[in-house]
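Here are my notes on this model, set out as numbered points. Please read them with the structure open beside you.

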Amino acid sequence: MKPQLLLSLLLAGGLTACHHKDLDVLYDDAGNVEVIFDWRNAPEAAPQSMEATFFSTSGSAAPVRFQFAGRDGGEVHVPADTYTVIGQNSDNTDWALRRHEEDPEQFEIYTPDASQLEGLRLNARSLPRARGSEEERMAQTPGTLYGNRQDGVSLEVTSRRQTVTLYPEEVTCHYSVEVRDVDNLQNLADATLDATLSGMAEGYCQGQSAATANAVTMPFTLSENRTDNTLTGHFLTFGECSQTNHTHSLIVYMVFTDGTKQYQTFDVTDQVSRAPDPKNVHIIVSGLQIPRTIDSGGGFRPDVDPWESVNIDIKM
């Protein structure tokens with residue numbers, strides 16, 4: 001079997017630690033390489049597995065990916081060449097889709113479509129959107145993703161152990177939303193709540209260590225806190241789009257037991273774009289109105305438009 005074909009198969013199927021020794025037989029020009037993940041940039045991280053992909057800069061072979069149990073790395077056998085190496089966690093990544101896997105400059109992680117809201121179970125395509133975000137794909141929020149890239153890794157045929165050290169850091173961003181001064185929060189028992197945030201990056205380009213330029217809308221859930229009359233939510237994103245500017249609208253969707261549907265829109269562009277720490281963004285809005293339902297003597301007539309829009313001026 002030609003090395004190029006073999007490496008392509010390894011890339012397609014992944015390579016687990018139990019197969020590493022086989023490469024001694026398959027490659028006469030392979031050298032011992034110790035892959036080390038140094039967690040100084042994310043000391044609290046505890047992924048259950050990691051991977052490292054070796055991209056030949058000479059173009060002599062297809063990329064080859066190695067997987068490791070735990071977070072520390074391990075020994076592999078790699079043909080002599082010069083490589084770009086990209087490392088990332090491979091645990092809890094059922095949400096992750098990949099594209100441009102053959103190109104270290106374009107290698108990207110992104111998320112699949114969000115077909116429905118988690119709480120309301122409504123079809124995401126049927127939801128009203130914020131102005132300017134109508135064409136954005138509704139995409140799932142990502143899980144935690146770590147990554148790092150090393151260039152110019154030169155490996156040779158030798159019996160001594162060579163090392164490649166990667167320094168992963170978290171590349172996903174933590175977003176939290178706080179809705180203050182919720183009107184009629186005591187009536188929340190009659191409603192189910194979901195929310196979306198528009199203008200977020202569709203994915204993360206591990207090759208460029210940057211978020212992608214395409215924008216998506218990401219849904220998340222809100223939880224109530226009746227002690228201080230607030231709703232709160234927390235979710236992960238890839239952050240803002242790189243090289244492009246987008247507006248960011250927060251929409252809260254409510255569906256009541258009498259069938260009434262209402263959504264309220266908040267422009268949070270400044271809070272997102274001017275956040276002191278782009279990796280940890282806290283959005284605060286106020287003025288959300290939860291109406292009484294028809295069953296309790298108020299609310300909207302059932303013969304009005306299926307979704308009632310209420311635009312709110314943000315009060316900080």
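1. A residue counts as buried when its relative accessible area is under 20%, as exposed when the value is over 50%, and as partly exposed in between. By that cut-off, six of the eight residues of strand 18 (residues 230-237) are buried, so strand 18 is largely enclosed by the rest of the structure. Keep in mind that this is a predicted model.

2. Which strands pair with strand 18? Strand 12 (residues 173-180) runs antiparallel to strand 18 and is joined to it by seven bridges. In this pairing, Ser 176 stands opposite His 234. Strand 17 (residues 223-225) is also antiparallel to strand 18, with three bridges between them. Here Glu 224 of strand 17 faces Leu 231 of strand 18 as its opposite residue.

3. Strands 17 and 18 form a hairpin, and four residues lie between them. One residue in the turn, Asn 229, has a positive phi of about 60°.

4. Another part of the model is an open sheet of five strands, in the order 3-2-5-9-11, with antiparallel pairing. Strand 3 (64-69) and strand 11 (169-170) are at the edges; each has a single partner strand, so one side of each is left without a neighbour in the sheet. As background, strands of a sheet pair through backbone hydrogen bonds, either parallel or antiparallel.

5. Within this sheet, strand 2 (residues 49-56) and strand 5 (residues 81-89) run antiparallel and are joined by seven bridges. Met 50 has Asn 89 of strand 5 opposite it.

6. How many salt bridges does a search of the whole structure find? The search gives 13. One of them joins Glu 51 and Arg 65, whose closest N and O atoms are 3.5 Å apart. Glu 51 is in strand 2 and Arg 65 in strand 3, so this pair, 14 residues apart, links distant parts of the chain. Are the two residues buried or exposed? Glu 51 has 1% relative accessibility and counts as buried; Arg 65, at 6%, also counts as buried.

7. Glu 51 has a salt bridge with Arg 98 as well, at 2.9 Å from N to O. This pair again links distant parts of the chain: Arg 98 belongs to strand 6 (residues 97-99), Glu 51 to strand 2, and they are 47 residues apart. Arg 98 counts as partly exposed because its relative accessibility is 28%.

8. Arg 99 forms a salt bridge with Glu 202, and their closest N and O atoms are 3.1 Å apart. Arg 99 lies in strand 6, whereas Glu 202 is in the loop between strand 13 (191-201) and strand 14 (203-205); the pair therefore ties together parts that are 103 residues apart in sequence. Glu 202 is buried, with a relative accessible area of 10%, while Arg 99 is partly exposed at 24% relative accessibility. Both residues belong to a network of salt bridges that also includes Glu 108, Asp 113 and Arg 137.

9. Where is Asp 277 found? Asp 277 is in the loop between helix 3 (269-273) and strand 21 (280-286). With a relative accessible area of 32%, Asp 277 is partly exposed. Its C-alpha atom is separated by 9.6 Å from that of Cys 173, although the two residues are 104 residues apart along the chain.

Notes. Residues numbered from 1 in each chain as written. Predicted model: local features only at pLDDT ≥ 70, side-chain atom pairs only at ≥ 80, totals over all residues. Heavy atoms only, no water. Pairing = 2+ DSSP bridges. Helix = DSSP H or I, 4+ residues; strand = E, 2+ residues; numbered from the N terminus. Buried < 20%, exposed > 50% of the residue type's maximum accessible area, 1.4 Å probe, protein only. Salt bridge = Lys/Arg side-chain N within 4 Å of Asp/Glu carboxyl O.
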